[in-house]
Amino acid sequence: MTTRRLVLTRSAAVVGAASTGLLLPQIVRAQSGKIRVGLMLPYTGTYAPLGVAIENGFRMAIDEKGGKLGGREIEWFKVDDESEPPKAVENANRLVQRDKVDVIMGTVHSGVQMGIQKVARESGVLSIIPNAGVHAATRALCAPNVFRTSFTNSQPTLALGKPMWDRGIKRAVWITHKYAAGDEAFEGFRDSFTKAGGTVVKELGLPFPQVEFQALLTEIASLKPDAVACFFAGGAAAKFIRDYAAAGLKGKIPLYGSGFLTEGVLDAAGPAAEGIITTLHYSDSLDTPRNKQFRLAYAKTFHLQPDVYAVQGYDAGQLLVIGAGAVKGDLGNKQVLYKAMESAAIDSPRGKWTMSKSHNPVQDMYLRVVEKGENKVIGIAAKALADSGAGCKMG
Ligand code: BEZ
């Protein structure tokens with residue numbers, strides 16, 4: 001395993017410790033010849049399991065290549081971003097300015113990502129996004145030093161509308177956590193569903209991370225749509241699935257979603273999840289040697305089953321290994337570094353993918369159904385789907 005020297009800070013609580021020098025030994029070590037890798041992920045709150053899975057996957061990819069980057073050892077720094085957008089700029093700056101990291105790997109929540117994006121654009125630090133799908137990061141606010149190994153928020157749902165229409169769904173209700181991830185997922189759903197011929201009869205939402213779904217479920221029952229489509233992830237997704245069934249809607253109004261709905265939550269959701277159809281760029285059940293080997297190695301190392309978040313973290317690690325290898329560990333050689341990362345063909349457990357011009361994966365979207373506690377692939381909903389990258393001008 002990689003030598004780990006960790007500095008785990010939890011948001012503003014440690015500012016005092018840093019300024020009084022309590023963290024000085026780590027800072028001194030950070031000025032050695034090691035590559036400084038900053039992880040900014042949620043380790044508390046509804047998205048905490050997502051942050052853990054991403055970190056696990058990321059470390060695994062690097063460990064598989066000897067635990068070094070371009071021949072250099074690694075010094076690790078960690079911040080718990082708590083999925084709190086108001087703290088994001090301060091947290092990212094802590095990694096960049098105090099810890100002087102060479103790369104920020106994070107994060108999960110789209111609102112927090114906007115803070116990282118600001119810091120990445122201002123400082124020029126290499127930024128690898130292992131989840132958050134906020135459009136602007138690889139559209140209007142794209143940057144040469146920012147790369148995403150996950151998706152844009154509308155990518156999975158752009159593949160959802162047609163399969164729903166093909167299953168006879170004509171009138172659908174959309175429900176989501178109301179922030180960039182849910183709103184942009186809705187854009188993809190609305191565009192694909194209406195293009196196929198469907199009508200969105202109502203858009204429902206609640207603020208992140210609230211999980212009091214009862215009133216909204218009552219409204220769905222009274223609207224009597226042909227189906228419900230949604231964006232929820234993490235602990236909130238498990239609760240939504242259970243509450244949907246408990247409200248008596250399961251079996252009456254079919255539930256569809258952006259595939260995060262059923263990622264990493266199937267044990268917690270239990271039988272209530274059976275039959276849910278989703279679209280996503282990964283599925284546990286992908287029957288390929290690459291996916292099987294990855295799943296086996298991950299389970300052996302972490303005693304956990306991997307999900308899409310682990311895959312995205314793993315691919316972030318693979319991408320960084322490729323970039324650092326191309327510059328023999330000299331991450332300051334930006335032209336060569338970015339070129340290598342832009343032209344990387346990632347051999348992922350999800351299937352091979354490449355980077356779009358705006359630095360977002362061009363990838364297949366799978367149609368999946370939950371069957372016996374597993375996301376089973378039942379088709380390819382979109383082949384080599386690229387985000388539009390609208391408004392991206394690499395400076
Ligand atoms: C987001 O905030 O971008 C996000 C969070 C969890 C799953 C997918 C997207």
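When I speak of a helix or a strand this morning, I mean a DSSP run, of at least four residues for a helix and at least two for a strand, numbered from the N terminus. With that in place, I can say that Arg-350 lies in the loop between β12, residues 345–348, and β13, residues 351–355. Please keep in mind throughout that what we are looking at is a predicted model.

Let me stay with Arg-350 for a moment. Its relative accessibility is 3%, and because buried means under 20%, Arg-350 counts as buried. If we leave out residues up to four places away in sequence, Arg-350 touches Thr-149, Ser-150, His-281, Tyr-282, Leu-286, Val-311, Gln-312, Asp-315, Pro-361, Gln-363 and Tyr-366. One of these partners, His-281, is 69 residues away from Arg-350 in sequence, while the two C-alpha atoms are 6.5 Å apart in space.

Another of those partners, Thr-149, deserves its own look. Thr-149 sits in the loop between β6 and α6, the latter being residues 154–158, and with a relative accessibility of 0% it counts as buried. Setting aside neighbours within four places in sequence, Thr-149 has contacts that include Ile-128, Ile-129 and Pro-130, then Gln-312, Asp-315, Ala-316 and Leu-319, and also Arg-350, Trp-353 and Pro-361. Gln-312, Asp-315 and Pro-361 therefore appear among the contacts of Thr-149 and also among those of Arg-350.

His-135 is a further buried loop residue, at 5% relative accessibility, and its loop runs between β5, residues 126–129, and β6, residues 146–148. Beyond four places in sequence, His-135 touches Arg-148, Thr-152, Asn-153 and Ser-154, together with Glu-184 and Glu-187.

Now to the helix packing. Two packed helices are described by the angle between their axes and the distance between the axes. For α3, residues 48–64, and α13, residues 308–326, the axes come within 6 Å and cross at roughly 35°, and the crossing is right-handed. On the α3 side, the residues that meet α13 include Ala-53, Gly-57, Phe-58 and Ala-61, and on the α13 side they include Ala-310, Gly-313, Ala-316, Gly-317 and Leu-320. The residues of this contact divide into 13 nonpolar, four polar and one charged.

Helix α3 comes up again when we turn to the open spaces in the model. How big is the largest pocket by volume? Its volume is about 540 Å³, and of the 26 residues that line it, Gly-264, Val-265, Gln-305, Pro-306 and Asp-307 are the closest to its centre. At least two lining residues come from each of α3, α10 (234–246), α11 (266–269), α12 (289–302) and β15 (374–385), and α3 gives the most, with five. By class, this pocket lining has twelve nonpolar, eight polar and six charged residues.

As for enclosed space, there are two cavities of 30 Å³ or more. The largest cavity holds about 70 Å³, and its lining consists of 14 residues, with Val-108, Asn-131, Phe-151, Tyr-179 and Phe-231 nearest the centre. Eleven of the lining residues of this cavity are nonpolar, three are polar and none is charged.

I will finish with the backbone. Most residues other than glycine have a negative phi, and most peptide bonds are trans. Against that background, the bond from Gly-106 to Thr-107 is cis, with omega near 10°, and Thr-107 belongs to the loop between β4 (103–105) and α5 (110–123). The bond from Phe-208 to Pro-209 is also cis, with omega near 0°, and Pro-209 is found in the loop between β8 (199–206) and α9 (214–223).

Which side of zero does phi take at Glu-82 and at His-303? Phi is positive at both, about 60° at Glu-82 and about 55° at His-303, although neither is a glycine. Glu-82 lies in the loop between β3 (74–80) and α4, and at 15% relative accessibility it counts as buried. His-303, by contrast, lies in the loop between α12 and α13 and counts as exposed, because its relative accessibility is 68% and the cut-off for exposed is over 50%. Lys-100, which follows α4, likewise has a positive phi, near 55°.

Terms used: Residues are numbered from 1 along each chain as its sequence is written. This is a predicted model: local features need pLDDT of at least 70, side-chain atom pairs count only at pLDDT 80 or more; totals for chains, interfaces and linings use all residues. Side-chain values use heavy atoms; hydrogens and water are left out. Axes are lines fitted to C-alpha atoms, for helices over the stretch in contact, and angles run from 0 to 180 degrees between N-to-C directions. A crossing is left-handed if the near helix is turned anticlockwise from the far one by less than a right angle, and right-handed if clockwise. Contact means heavy atoms within 4.5 Å. Ala, Val, Leu, Ile, Met, Phe, Trp, Tyr, Cys and Pro count as nonpolar, Asp, Glu, Lys and Arg as charged, and the others, Gly among them, as polar. On a 1 Å grid over the protein atoms alone, a cavity is a set of points where a 1.4 Å probe fits but cannot get out, and a pocket is an open set with protein on both sides within 12 Å along at least five of seven lines; lining residues have an atom within 4 Å of a point. Grid points are joined across faces, edges and corners, and a volume is the space filled by probe spheres set on the points. Buried means under 20% relative accessible area, exposed over 50%, partly exposed in between (1.4 Å probe, protein chains only).
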